[in-house]
Amino acid sequence: MLLLTVLAVPVQAQRRTVHYLANYENEPYHFGFLLAYNQMMYTVKTVENYQSIQLAPDSWPGGPISISNTQGLFVYNMETAQTPGFTVGIIGSKRLGRYFDLRFIPSLSFSERRMRYDVAIMDLNGEVTMKSFTKSIGTTFVEFPLNIKYRSKRYNNIGAYIMGGINPKIDLASQKENKMTNASGQEFINNLVTKRFDVAGELGAGFDIYNQWFKMGIEVKMSFGILDIVKNEAFIYTAPIEQLRNKLFQVSLIFE
């Protein structure tokens, strides 16, 4: 008898569990907002044997070189680095079925990418000097993600999900240019300038947590740019680059 009583206690406790927002998934539309931490990066495909490509001295105007005493320049190493940023957005969600939702999340994302270059400078006597510099590329994306969300059956007040979709985006800061003039009188953009428009594929996963008043989600996603965004206008900055694509890692708090 005592054993049956002990076994009945967790069953009764489970029955007493309060299911918050019990009819939430049956509603046709939901709205909310997100706050997110992001890290923006570049995926770089370099030109084959780019270290052996000799660049003209005036391909680096404003650099720490004497053009009249320089025979050529060689970019022998190039690296991309990420810095932290943030994203804010609003959410519109449409129920497609028992476990499927269609989400539209217009957002603003702010961050900065950095490209580090190591350059070999050869003077007229054949002597080589090594220089390094970093270019910072500020980024402000207006994004329009359209995602399909597949939800698991919720367990009490927690549910898991996976998501995927596409994200057309516009970089409002991509056209910022620092124009200079080289020794030949040719106007030169002293910056790594990228194309304004991109489309990314997205994959992610998360958890939904239900309470009395709203649903909170914790989501992790990766976004991979599909289009080549490099603009071959900046001589030394783009000479080693064959293709350049956006990449983003994001952790979001979602409130609906």
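I began by settling terms: helices (H or I, at least four residues) and strands (E, at least two) are DSSP runs, numbered from the N terminus. The model is predicted, so I noted that local features need pLDDT of at least 70 and side-chain atom pairs count only at pLDDT 80 or more, while totals for chains, interfaces and linings use all residues. Residues are numbered from 1 along each chain as its sequence is written, and side-chain values use heavy atoms, leaving out hydrogens and water.

**Overall layout**

I found one helix and 12 strands, with the helix written before the strands in the pattern α-β-β-β-β-β-β-β-β-β-β-β-β. Of the 256 residues, 43% count as buried (under 20% relative accessible area; exposed is over 50%, partly exposed in between; 1.4 Å probe, protein chains only).

**The nonpolar patch**

Next I looked up a surface patch, made of residues with over 30% relative accessible area and no salt bridge, where nonpolar side chains (Val, Leu, Ile, Met, Phe, Trp, Tyr) are joined within 5 Å and like charges within 9 Å. Phe33, Leu35, Phe86, Val88, Ile90 and Leu108 form it, with about 530 Å² of accessible area together (Shrake-Rupley method, 1.4 Å probe, only the protein chains shown counting as cover for residues). Strands β1 (29-46) and β2 (70-95) each give two or more residues, and β2 has the largest share, three residues. I checked Phe33 in β1: it is partly exposed, at 41% relative accessible area.

**Salt bridges**

I counted 11 salt bridges (a side-chain nitrogen of Lys or Arg within 4 Å of a carboxyl oxygen of Asp or Glu). Arg154 pairs with Glu25, with the closest N and O atoms 3.8 Å apart. Arg154 sits in the loop between β6 (146-151) and β7, and Glu25 in the loop between α1 (2-15) and β1, 129 residues apart. Both Arg154 and Glu25 are buried.

Arg151 and Asp101 also form a salt bridge, at 2.9 Å. This pair joins strand β6 to strand β3 (residues 100-104), 50 residues apart. Arg151 is buried at 6% relative accessibility, and Asp101 is buried at 8%.

I also noted a network of salt bridges linking Lys149, Asp208, Lys215 and Glu256.

**Asp171, buried without a partner**

Asp171 lies in strand β7 (residues 158-171). I saw that Asp171 is buried yet has no salt bridge, the nearest side chain of opposite charge being Arg113, 4.5 Å away (Lys and Arg count as positive, Asp and Glu as negative; His and the chain ends are not counted). The backbone nitrogen of Thr140 lies 3.3 Å from a polar atom of the Asp171 side chain.

Methods
A polar contact is a pair of N or O atoms within 3.5 Å; within protein, one must be able to donate a hydrogen and the other to accept it, and residues adjacent in sequence count only if both atoms are side-chain atoms.
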